[in-house]
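Colleague: I should like to learn how to read burial, sheet order and a ligand shell from a model. Could we take these topics in turn?

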Amino acid sequence: SSENADAKNLRVKLVLLGDSGVGKSCIVLRFVRGEFDATSKVTVGASFLSQTIALQDSTTVKFEIWDTAGQERYSALAPLYYRGAAVAVIVYDITSPESFKKAQYWVKELQKHGAPDIVMALVGNKADLHEKREVLTDDGMELAEKNGMFFIETSAKTADNINQLFEEIGKRLPRPSP
Ligand code: GDP
Ligand code: MG
């Protein structure tokens, strides 16, 4: 994995995977810039953003976040995208059962081809759209539990659970031995 050697200051590559339109770019923008732009255009090309957080034990984690326009859909490119990633965040939209199916695909793909110690998080986004919900919280929880993943429902729109998502990932990162 890509943590650096300093036990108190981790630096990790994080990739986001999931169907187009589930809110990957919005989650990143909310986390990094504290913004939500409902009119934002589709990501053009791959974008790269970083954000550092401090955990309660005073460890800092610098997330180097890779967000793409969906190039990872071409299965030949996917391994290039998540190679060296210490963290994979698999996102679906709670109003879209199809996106949940795609999330299950990504879980399998990463188990086969991802780094053995990769930290995986499962995220049900658009939790603000509860009236249109079609994927039960329990279904997300079950998928995550079966696969040893962290699970959370978020809203990039309201900012609900966005910081919590990254804090929980930080807590689960393997610490380099001193
Ligand atoms: P990506 O293709 O996975 O990167 O998805 P985007 O981040 O581009 O978001 C796709 C669409 O979903 C945009 O119209 C966003 O405004 C909308 N969206 C993203 N996150 C949320 C959310 O938490 N709640 C709601 N209601 N809409 C969202
Ligand atoms: Mg995007």
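Modeller: Let us begin with a definition: a residue counts as exposed if 12 or fewer other C-beta atoms lie within 10 Å of its own, and as buried if 20 or more do. Please note that this is a predicted model.

Colleague: Which residues of α4 are exposed, on the other side of the helix?

Modeller: They are D138, E142, E145 and K146. By contrast, G140, L143 and A144 of α4, which spans residues 137–146, are buried. Viewed down the helix axis, the buried residues fall within an arc of 95 degrees, so they line one face of α4.

Colleague: What covers the buried residues of α4?

Modeller: The cover includes α3 (97–113), β5 (119–125) and β6 (150–153). Helix α4 lies across β5 and β6, running at about 160 degrees to β6. Just after α4, G148 adopts a positive phi of about 65 degrees.

Colleague: How should the sheet be read, and what is the order of its strands?

Modeller: In general, strands of a sheet pair through backbone hydrogen bonds, either parallel or antiparallel. Here, 6 strands form an open sheet with mixed pairing, in the order β2-β3-β1-β4-β5-β6. Strands β2 (47–54) and β6 stand at the edges with a single partner strand each, so one side of each lacks a neighbour in the sheet. Strands β1 (residues 9–17) and β4 (residues 87–93) run parallel and are joined by 4 bridges; V15 has A88 in β4 as its bridge partner.

Colleague: How many residues surround ligand 1, and which are the closest?

Modeller: There are 16 residues around ligand 1, the closest being G23, K24, S25, C26 and K157. By class, the shell has 5 nonpolar, 7 polar and 4 charged residues. Its largest share, 3 residues, comes from helix α1 (residues 24–33).

Note on methods:
Residues are numbered from 1 along each chain as its sequence is written. Chains are lettered from A and ligands numbered from 1 in the order in which they are written. This is a predicted model: local features need pLDDT of at least 70, side-chain atom pairs count only at pLDDT 80 or more; totals for chains, interfaces and linings use all residues. Helices (H or I, at least four residues) and strands (E, at least two) are DSSP runs, numbered from the N terminus. The arc is that of the directions from the helix axis to the C-beta atoms. Two residues are in contact if their C-beta atoms, placed from the backbone, lie within 7 Å. A residue is near a molecule or strand if its C-beta atom, placed from the backbone, lies within 6 Å of it. Ala, Val, Leu, Ile, Met, Phe, Trp, Tyr, Cys and Pro count as nonpolar, Asp, Glu, Lys and Arg as charged, and the others, Gly among them, as polar. Two strands pair if DSSP finds at least two bridges between them. Axes are lines fitted to C-alpha atoms, for helices over the stretch in contact, and angles run from 0 to 180 degrees between N-to-C directions.
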